[in-house]
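Q: Could we go through this structure together? I would like to start with the overall picture and then turn to particular places.

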Amino acid sequence: MAPSKPRVIYWLRTDLRLHDSPALKAALDLKPDCLYPVWCWDPHYVYRARVGPNRWQYLLDCQSDFSASITKLNPKSKLFVIREAPQTLLTKLFKAWKITHLVFEKDTDAYARERDENVMRQAKEAGVEVIVKMGRTLYDPDELVKANGGKPTMSITQVQKAAEKLGVVAKPIPTPESLPNPGDTALDFDHTQPSPNPDFNDIQRDSKDKSYTNLSGPGGDFAVPTMSELGLKRATTQHRGGETLALKALDDIISNTKYTATFSKPETAPTAFSPQSTTLLSPHHHFGSLSVRLFYWSVMDVLKAYKSNQSTIPTNLIGQLLFRDMYFAAQAPLGYPFAQTVGNSHCRFIPWHLPSKVDPCNGLITGEHHVDTPEAETWFQRWKWGKTGFPWIDALMRQLRQEGWIHHLGRHAVACFLTRGGCYIDWERGAEVFEEWLIDHEVACNTGNWQWLSCTAFYSQFYRCYSPIAFPKKTDAKGEFVRHFCPELKDYPDKFIYEPWKAPIADQKKAGCLIKGDGDETEGEGGVKFYPKPMFDFNVRRTICIDAIKNAYHVNLYGDDAKVKDGTWRDLFSDNAEGLTEGKSAKDAMNRNNKVKSGEEASGDTGVDQDEGEAAEVGEETKGEDRQGKSPGKRKRGKGQGTLDGHFGGRRLRDKH
């Protein structure tokens, strides 16, 4: 006999908040007899997605805060964390708890779609009604795609035009004042434990993961797991998560009306770190501890009332949210291939070093890569661990590892350095490191930003590069950022802080740090510090990379081309596809591949990172057409190529009034 009143599981995933939660409202509108707020401890994220201790800590903060907020509204309720995969757990909960409805927030990530379709099929078979509500972005990514003619959104202009068809962003929903009791929480069924192999996060642990030992946790009380239970190393970030902190941070930002109204992402300082020069709300948006719609309308209210000059889309705060939507709606129709080159119809093929291994059965990358040259692997490891010998790059990578966050222009600088501006290493390698270390990591945004900065999608001005020397001087001539994150260089003279290898030996000794080696040794006799020599001549490498990418653009292959999939792309290149080469049969290749997709235009003069998205790179429009809309034709370049260093304003920190 069916229950007389609804018995509802509210399945939490990307919405760890009580304010403005469309899924929670839908659950409460059912006027349920009982409501179970459930988090399924999904092994996909525990083992298969790269997650470092800092992001784990942020998630646990968000879960703990959300659970405490539930209990304040109803002392009998909490967030019920159950240690099993949703694909096997939920169907058992339907029966054990006599569930009539399953409610959750829509997620368009490739894995999430596959998971949710599986769960919805099981729910239908069990006679459970499923209600799905969008609340993760301003607009439903699938609806944006439809409004964009069924195509991925590859520019901010496309997002704006599609959004006009969908109408205004929905207003935030009030926070509920009460919550129903949960029902019986007995788990009288077998526990399906996942296989821990492969465990991409094994490197993050100093002991064995024990999070699946008991269905309801070690205390049998459905508690949020601990870092020690997960076997994880200690988090090093000072940034903390949770709805309570998110709402306070939003209030602080909105109360500074000048900062909110005049915020322009490219004018913020990448070298500011105490405090940072941007909002740092992006990790809250990722975990759902802050509603993007609440942020949007809070900013809109300030803009409406602010009478002086204010910044505009795409560089203002509203533009940042639209860029975020752009990436979600770029990923939504492409699925898994969006996060890789092979099989991706919208990603240019460039024969980088250290390419991913691809599973021949499903065409997806495996998480491993080919080491086509030991030198490139050495460069990659030195880049990852902040040992390149370029202080600006090393300081950024050390900040990323320590704090789980770096400024968007810092992300630009390290991404450009790894790909088209120095190392000529596959953007997928960098995306994996960011996936591991960022607390605000989103698959869609991280992938899109790496494609943008490697000029494989969204952006095509590959000849513009960031100098690791001239660029940071614009906002930090004394190198305070470098001195903080590379403390071995703290006593270097200002004029050598970004080029310490140029300092005379006498100055190096006086500063207590010798420029020596490749970073493996950090200290010598007598306690003298070592900082590595530059791993290459940046100007030489930049020229080699840009000429190689120019050649790849000339060949003009995309990830879904048959030659990319079967490896015969090599027939179109010489000299290992790197350096001053000319593509073989390039004219034929362009005739086959240079088909413009109708309705697409260039992503213009903007550049983006995943910290709220932003417009940053400014330059002359490229000419010609490609799948993103425009691609560079023939143009003259100055000696050593160009840099982006001159395209940004000076330091502009948050006003304190």
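The exchange below goes from the whole chain to its cores, helix contacts and single residues.

A: Please keep in mind throughout that this is a predicted model.

Q: Understood. How many helices and strands does the protein chain have?
A: The protein chain has 23 helices and eleven strands.

Q: And what share of the residues is buried?
A: Of the 657 residues in the protein chain, 61% are buried. The exposed surface of the chain comes to about 25600 Å², and carbon and sulfur atoms supply 51% of that area.

Q: What about contacts between residues at least 6 apart in sequence: what share joins residues at least 24 apart?
A: That share is 77% in the protein chain.

Q: Let us turn to the interior. Which residues touch the most other members of the largest nonpolar core?
A: They are Trp383, Phe417, Phe458, Leu489 and Tyr492, in a core of 118 residues. Helix α12, residues 317-331, gives the most to this core, with ten residues. Another core, of 36 residues, lies apart from it and includes Leu79, Val81, Ile131 and Tyr212.

Q: Staying with α12, at what angle does it pack with α17?
A: The angle is about 95°, and the axes of α12 and α17 (residues 443-453) are 8 Å apart. The two helices are therefore roughly perpendicular to each other.

Q: Which residues make that contact?
A: On the α12 side they are Phe323, Arg324, Met326, Tyr327, Phe328 and Gln331. Helix α17 contributes Val443, Ala444, Cys445, Gly448, Asn449 and Trp452. By class, the contact of α12 with α17 has eight nonpolar residues, three polar and one charged.

Q: Now α14 and α16. Where do they stand in terms of axis distance and crossing angle?
A: The axes of α14 (residues 391-403) and α16 (residues 427-437) come within 8 Å and cross at roughly 40°. That angle makes α14 oblique to α16. Met397, Leu400 and Arg401 of α14 meet Val433, Phe434 and Trp437 of α16. In this contact of α14 with α16, five residues are nonpolar, none is polar and one is charged.

Q: What about α15: is it mostly covered or mostly open?
A: Helix α15, residues 408-418, is mostly covered, and eleven of its eleven residues are buried. Among these buried residues are His408, Arg411 and His412, as well as Phe417, which was named above for its contacts in the largest nonpolar core.

Q: Changing topic: where is Pro141, and is it buried or exposed?
A: Pro141 belongs to helix α6, residues 141-147. Pro141 is buried, with a relative accessible area of 1%, which is under the 20% cut-off.

Q: What does Pro141 touch beyond residues up to four places away in sequence?
A: Pro141 touches Thr108, Met134, Phe328, Ala329 and Ala332. The C-alpha atoms of Pro141 and Ala332 are 6.3 Å apart, although 191 residues separate the two in sequence. Phe328 is also one of the α12 residues in the contact with α17.

Q: And Gly149: buried or exposed?
A: Gly149 is exposed, with a relative accessible area of 56%. Its place is in the loop between α6 and α7. Gly149 and Ala162 are 13 residues apart in sequence, with 8.7 Å between their C-alpha atoms.

Q: I should also check the backbone. Which peptide bond from Asn197 is cis?
A: The bond from Asn197 to Pro198 is cis, with omega near -5°. Pro198 is in the loop between α7 and α8. Ser274 and Pro275 are also joined by a cis peptide bond, with omega about 5°, and Pro275 lies in the loop between α9 and α10.

Q: Why single these out?
A: Most peptide bonds are trans, and most residues other than glycine have a negative phi.

Q: On that second point, what is phi of Tyr424?
A: Phi of Tyr424 is near 55°, a positive value in a residue other than glycine. Tyr424 sits in the loop between α15 and α16 and counts as buried at 0% relative accessibility.

Q: And what is phi of Phe458?
A: Phi of Phe458 is near 70°, which is positive in a residue other than glycine. Phe458 is in the loop between α17 and β8 and is buried, with a relative accessible area of 0%.

Terms used. Residues numbered from 1 in each chain as written. Predicted model: local features only at pLDDT ≥ 70, side-chain atom pairs only at ≥ 80, totals over all residues. Heavy atoms only, no water. Helix = DSSP H or I, 4+ residues; strand = E, 2+ residues; numbered from the N terminus. Buried < 20%, exposed > 50% of the residue type's maximum accessible area, 1.4 Å probe, protein only. Contact = heavy atoms within 4.5 Å. Areas by Shrake-Rupley, 256 points an atom, 1.4 Å probe, with all protein chains shown as cover. Core = buried A, V, L, I, M, F, W, Y, C linked by side-chain atoms within 4.5 Å. Axes fitted to C-alpha atoms, helices over the stretch in contact; angles between N-to-C directions. Parallel < 35°, antiparallel > 145°, perpendicular 65-115°, else oblique. Nonpolar A, V, L, I, M, F, W, Y, C, P; charged D, E, K, R; others polar.
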